[in-house]
Amino acid sequence: MPSTNGVLSPAAQRRIDHHEADVVIVGAGILGCALAVALGRQGRSVILLEKSLEEPNRIVGELLQPGGLQALEKLGLADCLEGIDGIDVKGYWISYFGQPVLLEYPKSSPSSPTPLGRAFHHGRFVNKLRQAALSCPNVTVVETKVTGLVTSSHTNEVLGVESVTKDLKDCYFAQLTVAADGYASDFRKKHHQYTPKRRSKFYGLELIDADLPCPNTGHVLLSDNPPILMYQIGTHETRILVDVPDNLPAASVKNGGVKGYFRKNILPKLPEGCQASFLDALENGQLRSMPNSFLPASTNKTPGFMILGDALNMRHPLTGGGMTVALNDVCVIRELLSPECVPSFSDTELVLKQLSIFHWKRKNSSSVINILAQALYSIFAAEDRSMQSLQRGCFRYFVVGPVSGPVGLLAGLIQQPLVLVSHFFSVAFLSIWILFRETPLLELIMFPWHAIMILYTACIVIMPYIWTEVWY
Ligand SMILES: Cc1cc2nc3c(=O)[nH]c(=O)nc-3n(C[C@H](O)[C@H](O)[C@H](O)COP(=O)(O)OP(=O)(O)OC[C@H]3O[C@@H](n4cnc5c(N)ncnc54)[C@H](O)[C@@H]3O)c2cc1C
Ligand SMILES: *[C@@H]1O[C@H](CO)[C@@H](O)[C@H](O)[C@H]1NC(C)=O
């Protein structure tokens with residue numbers, strides 16, 4: 001256990017001997033580690049529980065948007081991006097049926113440098129975050145699998161957790177228990193208003209020495225297939241994520257499954273410099289998948305408990321916003337739960353009050369990311385004629401429109417939902433204008449109908465998500 005002079009503080013002794021602290025955090029992923037360090041540095045006694053401290057090997061959380069990088073800096077954790085062979089990201093390169101456009105992250109002023117994001121191997125970044133937690137004297141990290149919450153039978157208050165360490169039962173107690181156990185959280189069921197909804201999965205491969213058309217950008221490939229993402233995550237490695245909607249006929253068992261779909265439908269759509277490495281990865285590499293879920297956040301009402309990270313709130317990973325939301329949330333919560341605002345977490349009523357403020361305050365940064373991810377996914381995975389018109393309009397907008405707005409939203413740098421709404425409807429009207437110009441004179445009689453359908457589709461794409469964000 002690290003300590004400044006070899007002698008453990010009483011709080012550290014209590015964490016080890018009695019498994020007791022101010023906060024117990026379940027899950028040492030992106031959110032859990034950042035939160036443990038943030039609270040530990042405020043002088044709280046923290047126990048961080050993780051089922052496996054081995055370097056994670058996953059296809060998630062590999063591109064950190066500039067907004068997330070800024071949050072990491074605010075938390076004093078930017079050094080976790082050093083020494084992991086990360087790749088600077090300066091924006092997005094979007095190809096629409098082979099026609100490309102480069103969208104750079106917008107500068108805050110003409111003289112300032114282009115803000116950068118960073119891409120890396122998820123596991124290496126998580127390892128760095130875990131090291132930061134391990135070297136924090138007020139944090140004790142324990143490898144144990146949490147199996148349940150310990151709840152007071154008469155007050156419904158969460159008192160801690162039960163876990164299993166190397167086949168042995170264990171318990172950890174705290175005034176505040178945090179579930180940060182990720183997308184498949186076991187602990188949100190009774191305490192979260194919503195359940196995740198899934199429309200598709202991302203299938204991932206790692207390409208070796210692929211030759212990307214536009215290095216140092218996130219690549220988005222749009223065509224009549226659902227969207228494909230590619231970005232370099234190391235000197236030699238490139239991640240490719242292919243969206244496969246549930247029940248996609250082209251990927252059915254009859255049609256050769258996902259591998260068959262990749263060979264027949266995806267391979268020909270890839271930039272030439274990536275095709276050989278893609279085939280190689282498909283034949284010899286590890287094909288893995290993850291569900292792409294949507295989960296609106298809900299206000300925590302259980303005393304002594306808090307849900308954060310993917311366990312609380314998820315959006316489609318198309319825009320790579322999950323880590324940015326998680327790190328921004330840590331920035332917000334550490335202010336609201338600071339010792340100045342909440343002297344002791346044993347005041348569960350005050351904690352609950354701060355959590356209801358958190359629910360609204362976090363929306364400043366999370367709403368735009370959530371709405372944009374869901375709306376863009378619907379458009380990029382265009383399923384009908386109106387959606388296809390919107391997709392075309394969206395791409396045209398990227399080419400001719402004021403791109404700093406949309407890309408700033410994507411980067412997590414612009415946080416006003418109204419900016420998002422205005423760009424979104426500009427896209428809808430541009431789509432209608434394009435349709436008008438392309439409709440032959442004799443078919444113009446049907447144009448108003450198609451125009452109304454595009455506008456209607458635009459509304460049903462975005463309105464439910466806006467509604468969720470502003471009302472609940
Ligand atoms: C396909 C895909 C691609 C993505 N790409 C990006 C991207 O490019 N950029 C981006 O910003 N976001 C991306 N995301 C989202 C991002 O991965 C998540 O938002 C982020 O990892 C959430 O962090 P978290 O700490 O909440 O959960 P996680 O990082 O999943 O951490 C949860 C931790 O809890 C541990 N745990 C779980 N159960 C238990 C238990 N019972 N006991 C003890 N420990 C437990 C796990 O082992 C894990 O370490 C992507 C998501 C998907 C699905
Ligand atoms: C650890 O907590 C104590 C209070 O318990 C605080 O004074 C100290 O600054 C914290 N140390 C670090 C390195 O965050």
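The shell around ligand 1 is a mix by class: 14 nonpolar, nine polar and eight charged residues. Keep in mind that this is a predicted model. In total, 31 residues surround ligand 1, and the closest are Leu-31, Glu-50, Leu-63, Asp-310 and Met-323. As for where the shell comes from, two helices and two strands each supply at least two of its residues: α2 (30-41) and α7 (322-336), plus β9 (145-151) and β16 (288-294).

Now for the polar contacts with the ligand. Here are three, side by side:

| Protein partner | Ligand 1 atom | Distance |
|---|---|---|
| Met-323, polar backbone atom | oxygen | 2.8 Å |
| Gly-61, polar backbone atom | nitrogen | 3.2 Å |
| Arg-130, polar side-chain atom | oxygen | 3.3 Å |

So how much of ligand 1 does the protein bury? Taken alone, ligand 1 exposes 1000 Å², and 93% of that is buried by the protein. Met-323 turns up twice in this picture: it is listed among the closest residues, and its backbone makes the 2.8 Å contact with a ligand oxygen.

Away from the ligand contacts, a couple of loop residues have side chains that reach for backbone oxygens. Take Asn-300, in the loop between β16 and β17 (305-307). Is Asn-300 buried or exposed? With a relative accessible area of 10%, Asn-300 falls under the 20% cut-off and therefore counts as buried. Its side chain gets to the backbone oxygen of Thr-302 at 3.3 Å.

Ser-252 is the other one, sitting in the loop between β15 (237-245) and α5 (257-266). A polar atom of the Ser-252 side chain is 2.9 Å from the backbone oxygen of Pro-249. Ser-252 has a relative accessible area of 25%, so it is classed as partly exposed, between the 20% and 50% limits.

Last stop is the surface. Which residues make the nonpolar patch there? Trp-467, Val-470, Trp-471 and Tyr-472 do, and together they cover about 490 Å². Trp-467 is part of helix α13, which runs over residues 447-471. Why can Trp-467 be part of a patch? Its relative accessible area is 48%, and patch residues need over 30%, so Trp-467 clears that bar. At 48%, though, Trp-467 is still only partly exposed, because exposed would take over 50%.

Methods:
Residues are numbered from 1 along each chain as its sequence is written. Chains are lettered from A and ligands numbered from 1 in the order in which they are written. This is a predicted model: local features need pLDDT of at least 70, side-chain atom pairs count only at pLDDT 80 or more; totals for chains, interfaces and linings use all residues. Side-chain values use heavy atoms; hydrogens and water are left out. Patches are made of residues with over 30% relative accessible area and no salt bridge: like charges are joined within 9 Å, nonpolar side chains (Val, Leu, Ile, Met, Phe, Trp, Tyr) within 5 Å. Accessible areas come from the Shrake-Rupley method with a 1.4 Å probe; for residues, only the protein chains shown count as cover. A salt bridge is a side-chain nitrogen of Lys or Arg within 4 Å of a carboxyl oxygen of Asp or Glu. Helices (H or I, at least four residues) and strands (E, at least two) are DSSP runs, numbered from the N terminus. Buried means under 20% relative accessible area, exposed over 50%, partly exposed in between (1.4 Å probe, protein chains only). A residue is near a molecule or strand if one of its heavy atoms lies within 4 Å of it. A polar contact is a pair of N or O atoms within 3.5 Å; within protein, one must be able to donate a hydrogen and the other to accept it, and residues adjacent in sequence count only if both atoms are side-chain atoms. Ala, Val, Leu, Ile, Met, Phe, Trp, Tyr, Cys and Pro count as nonpolar, Asp, Glu, Lys and Arg as charged, and the others, Gly among them, as polar.
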